[in-house]
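Trainee: I am new to this structure. Please take me through one part of it closely: the charged side chains.

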Amino acid sequence: MKLILFFIGLLAFLKSEGQYFKAKEIAINSFYRARVYLPDNYDKSKLNYPVVYVFDGQMLFDVLVAICRYNWDVYPPFIIVGIEQYKREQELIDQGENNLNGNDFFYNILSLKLFPMIEKNYRINSIRVGVGHSHGGSFVLNAALNRKLFNAVIAISPTLWINKGLFLKSYPLDNSSWSGIKKFYCAYGEYDFPIIQKDVDSLFQKRSTKMLHQKDIFKDEDHNSAIFMGIRKGIEFIFQDFYLNEEKWDSIEELHNDSLFYSHFRQLSSFWEEEIIPGEDDYNSLGYYYMEDEDWEKAEKILKEALDYYPFSANLYDSFGELLENQQKSKEAKRYYLKALKLAHKDKEMKLMIPIYEEHVKRIKTKLSAKS
């Protein structure tokens, strides 16, 4: 429960940043609606993005967007789609004694209407993450295993006891359906319902080691509060390694082996069966790695590649300016420094960097004046 005040503050932050919060409401059919959040600079990018679908979207969409925006330098950019529930138990519970008519209609809304709409209108890749809490947690698991709608799952406090525990009976260790899930994250609160704790523990005792999975138990949290920490930790788990950590960079520098950079992203791409493009910070760090070696050709190649994917990045333009300055190409460096400064003035997140970029422009102008 102690997390609730933190997330109230986080949502207040999101509202205060409203002019940067790009969410669009879309009509799935005559009755159902969803909201879509696009990453910053989506319109300026050439990237294809993972999509994270969160259920109970009337409540959890804002939470997930707030977490994503607050941790913009930790998570890779992804699209968020929040689906609102109207008749929650009818929509989220599979057919059985707890829902005699079943929920095929809701699966059809997703697979025949919503997903094609997202695929048609946005640049997405094949990574499709389902996020659900309580009945929603069980739903995203069933949707991934039985319907193949998701290849990554975040299930917080899932109600696996529904329909006399049919889920646990239907998906034993050797069930081939688990092979379609790349990553599975599950969690519950220390004070969650005992039956949820028992069922989740039972599920993880039987999970195959072939699938990357993680279970967390949140101290002092209950059924309702576990979702806040669970969304954050779940997103971290699903997208870990999309950025190189300090340990990896230390290895690259200590071993003086840039192949570790390329092999990391090859392996990540192979795992997801989708090309994973390095983040702009990783590109930038590799550029500086080459600059320190005075390997200007490689540095230029990697920074040009980075700018092709991230043409909105003030930091990359500034780094390219430094590369050119190091090669005594002051006129060309000036153009890149000025571009970096111009972009920084348009990006609220770069406000603290503006004085640094101004100093770079001042320095290069002084050099050019001295030559003339």
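Trainee: How many positive and negative side chains does the protein chain have, and how far apart do the centres of the two sets lie?

Mentor: The model is predicted, so keep that in mind throughout. The protein chain has 48 positive and 53 negative side chains. The centres of the two sets lie 5 Å apart.

Now the setting. The protein chain has 15 helices and eight strands. Its C-alpha trace spans about 85 × 45 × 40 Å along the principal axes. Of the 372 residues, 52% are buried. The exposed area is about 18400 Å², and carbon and sulfur atoms supply 51% of it.

Start with the charges on the surface. K44, K339, K342 and K346 gather there in a patch of positive charge. Take K346, found in helix α14, residues 330–346. K346 is exposed, with a relative accessible area of 58%.

Next, the pairs. Side chains of opposite charge can pair when their charged atoms come close. The structure holds 13 salt bridges. Among them is the one where the side chains of E273 and K182 meet, at 2.7 Å from N to O. This pair links distant parts of the chain, 91 residues apart. E273 sits in the loop between α10 and α11. K182 sits in the loop between α6 and β7. The two partners also fall into separate burial classes: E273 is exposed at 62% relative accessibility, whereas K182 is buried at 18%.

Look next at helix α8, residues 226–238. R232 and E236 form a salt bridge, 2.8 Å from N to O. The two are four residues apart in the helix, so about one helical turn separates them. R232 is partly exposed, with a relative accessible area of 25%. E236 is partly exposed too, at 27%.

E325 and K367 form another salt bridge, with their closest N and O atoms 2.7 Å apart. E325 lies in helix α13 and K367 in helix α15, so this pair ties together parts that are 42 residues apart in sequence. E325 is buried, at 7% relative accessibility. K367 is partly exposed, at 34%.

Salt bridges can also share partners. Those that do so join R232, K233 and E236 into one network.

One last point on the chain as a whole. Consider its contacts with a separation of 6 or more: residues 24 or more positions apart account for 69% of them.

Note on methods:
Residues are numbered from 1 along each chain as its sequence is written. This is a predicted model: local features need pLDDT of at least 70, side-chain atom pairs count only at pLDDT 80 or more; totals for chains, interfaces and linings use all residues. Side-chain values use heavy atoms; hydrogens and water are left out. Buried means under 20% relative accessible area, exposed over 50%, partly exposed in between (1.4 Å probe, protein chains only). Contact means heavy atoms within 4.5 Å. Accessible areas come from the Shrake-Rupley method with a 1.4 Å probe; for residues, only the protein chains shown count as cover. Lys and Arg count as positive and Asp and Glu as negative; His and the chain ends are not counted. The place of a charge is taken as NZ of Lys, CZ of Arg, CG of Asp or CD of Glu. Patches are made of residues with over 30% relative accessible area and no salt bridge: like charges are joined within 9 Å, nonpolar side chains (Val, Leu, Ile, Met, Phe, Trp, Tyr) within 5 Å. A salt bridge is a side-chain nitrogen of Lys or Arg within 4 Å of a carboxyl oxygen of Asp or Glu.
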